Number of protein chains: 2
Amino acid sequence: MPVNPNAEIEITAYRWVPEFAQGVVRDLRARWALEEAGLDYRERLIDVQKKPDDYVKEQPFEQVPALRDGDLQMFESGAIVQYIGEKSGDLLPTDPKGRYRAIQWVFAALNSVEPAIMNLVLVDVFFAGEEWAKLRREGAADFARLKLKRISDWLGDKTWLEGHRFTIGDLVMVTVLRNLRHTDMVAEFPALEAYQARAEARPAFQRALQDQLAAFREHQPQPEGEAA
Amino acid sequence: MPVNPNAEIEITAYRWVPEFAQGVVRDLRARWALEEAGLDYRERLIDVQKKPDDYVKEQPFEQVPALRDGDLQMFESGAIVQYIGEKSGDLLPTDPKGRYRAIQWVFAALNSVEPAIMNLVLVDVFFAGEEWAKLRREGAADFARLKLKRISDWLGDKTWLEGHRFTIGDLVMVTVLRNLRHTDMVAEFPALEAYQARAEARPAFQRALQDQLAAFREHQPQPEGEAA
C-alpha cells in the first residue's frame, strides 16, 4: 500500500483539480512509478489556486509533482520517474544500453510527443471557442496524429517500446497519450490503442489512478450555499 | 579537436538547413556536451529533406541528433547529453543529489520551458502571416515570457542553475533560450540575458556552434543555373 503517511518519500500533488484534469495531473507518473516499484510514499496535497508561499523555491514553475526523499528535493516528473527507476531497479534496466534506451523514451514522450498533444489540448480545452483555436485546430490535430503514427509504427507488434520489458519510457509515454482522452485519435492506431490499454490494465497504474482521484473526491469543493 | 572522422562516437546531424534554423538545430546540444567533455566524435550528415531509407528505425521521428557509440544507438538530445555527462563526469555531478538536480533541469528545459518557446517560434516563423498566428501571438508571447521570468527569478544572482557548477541542465536550458533569438525577450530579464551570454562565451560552445555552421557552409545549396 504505497500511500503511507509515515513514508520517507514525499510526493507533492494537488488537493483538487477540475474534472477535465482529473486522472492526467502529472503526479500520476510519480505515483505509478512508485506503485510499480513497491515504494511507499506520503502525499503532500497543495491547493492548485493558492500554492504555499515558499513552494516556488522548491518548484520554480509552481507545478506538481515535486519529490522529497531524505535531503533530496527535486521536480519534473520525467526526472522523478528516473529517480524512482534507479532507486528500485524494476522500471529501468541496469545494463547501459537498456538503461539509455529507456531514458531516451522518457525524453521522447515529453519532448517529441507531448508538446504536439498538449497543443491540441490547448485548442480543444483551454482556448475552446476562441477564433484562433478554431482556425488552428486542424493543423494541430494533424501534427499530433503524425506523432501518434510515428510511435505506432515503431511499436508494430512489440509489447512495449523496447520489446518485452515495461520501463519508465512506457510509463511516461502512456501518461502522455492519456491527454488525448477527449478525442478518438489514439484509436485510429490499433497498435497504439492496445499498447495504452495494456499499460493502463497494470494493477500499479490502477492503484495510482485511484489514489490521485481519491484525493480529489475527498477535497471536492462544496457548492456555495449548499451547506447541510 | 572533437570532430574526428575516426572517433568511436557518431553524431547524426543535418548537412544543411535554412538560415532560420542554423545555430539552433539540436545536434548543437550533443556537439557542445562532447566539446565540454573533450570527447571526440565523428559526424554523420544527412539530408533534412531526404532522410536515409532506414533512418526511421534509428530515430522514429526522423529528427536529429542521434548517437552511436559501440553497440549503443540512441536518440533525443536530452538523453544524449545525459549519456555524455555520465560518460565524462564533467557535466554531471556524481553525488546523487547534484546528479538528479542537474537531470531535473534538463527535463525542465525540454518540457516546462521549450514547448512555450517553440509555440512562439511556430507563430513567428513557421506560420507567420497566418490569421490564427496573428490572433495567437500575444498569448503565446505572454506564456513564453512567464517561463522566462520563472527561470530568471530562480537564477537570481547564481552563476548557473544549481550554483557554481555548469551542468547538462544549463547546457540544454541555454540551447532552448537560443530559440528566442528572433525576439528581444531574453533581454527583458537581465539575469537571464547574462546567464545565456556566460554560457555562450564558453569555448566549448563556440567550437560546437562553429562545427555545426561549418557543415552548413560546406553543403550550402547552389542556386540553379549559377554553375561556374
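**Overall dimensions of chain A and the sheet of chain B**

Of the 228 residues in chain A, 44% are buried in this predicted model. The extent of the chain is consistent with that of a compact globule, because a globule of 228 residues would be expected to have a radius of gyration near 17 Å, and the value computed for chain A, 18 Å, agrees with this expectation. Along the principal axes, the C-alpha trace of chain A spans about 50 × 50 × 30 Å. Among the contacts of chain A with a separation of 6 or more, 76% are made by residues 24 or more positions apart.

The secondary structure of chain A comprises eight helices and four strands, and from the N terminus on these elements follow the order β-α-β-α-β-β-α-α-α-α-α-α.

In chain B, the strand arrangement can be described in detail. Four strands form an open sheet in the order 2-1-3-4, with mixed pairing. The edges of this sheet are occupied by strand 2 and by strand 4 (72-75) of chain B, each of which has a single partner strand, so that one side of each is left without a neighbour in the sheet. On average, and with direction ignored, neighbouring strands of the sheet are turned by 25° against each other. In general, the strands of a sheet pair through backbone hydrogen bonds, in either a parallel or an antiparallel manner.

Strand 1 of chain B, which covers residues 10-14, is mostly covered, four of its five residues being buried. This strand runs parallel to strand 2 of chain B (residues 42-46), to which it is joined by five bridges. Within this pairing, B:E10 is found opposite B:R42 of strand 2, while B:T12 stands opposite B:R44 of the strand 2 segment. Between strand 1 and strand 2 of chain B, the chain passes through helix 1 (residues 27-37), and the resulting β-α-β crossover is right-handed.

Strand 1 of chain B also pairs with strand 3 of chain B (residues 66-69), here in the antiparallel sense and over three bridges. In this second pairing, the residue opposite B:I11 is B:L67 of strand 3. As a general feature of regular strands, side chains alternate between the two faces of the sheet. Taken together, strand 1 of chain B is thus described by a parallel pairing with strand 2 over five bridges and an antiparallel pairing with strand 3 over three, within a sheet whose pairing is mixed.

How values were computed: Residues numbered from 1 in each chain as written. Chains lettered and ligands numbered in written order. Predicted model: local features only at pLDDT ≥ 70, side-chain atom pairs only at ≥ 80, totals over all residues. Buried ≥ 20, exposed ≤ 12 C-beta atoms within 10 Å, placed from the backbone. Helix = DSSP H or I, 4+ residues; strand = E, 2+ residues; numbered from the N terminus. Pairing = 2+ DSSP bridges. Right-handed = clockwise from strand over helix to strand, strands pointing away. Axes fitted to C-alpha atoms, helices over the stretch in contact; angles between N-to-C directions. Rg over C-alpha atoms; globule rule 2.2 N^0.38 Å. Contact = placed C-beta atoms within 7 Å.
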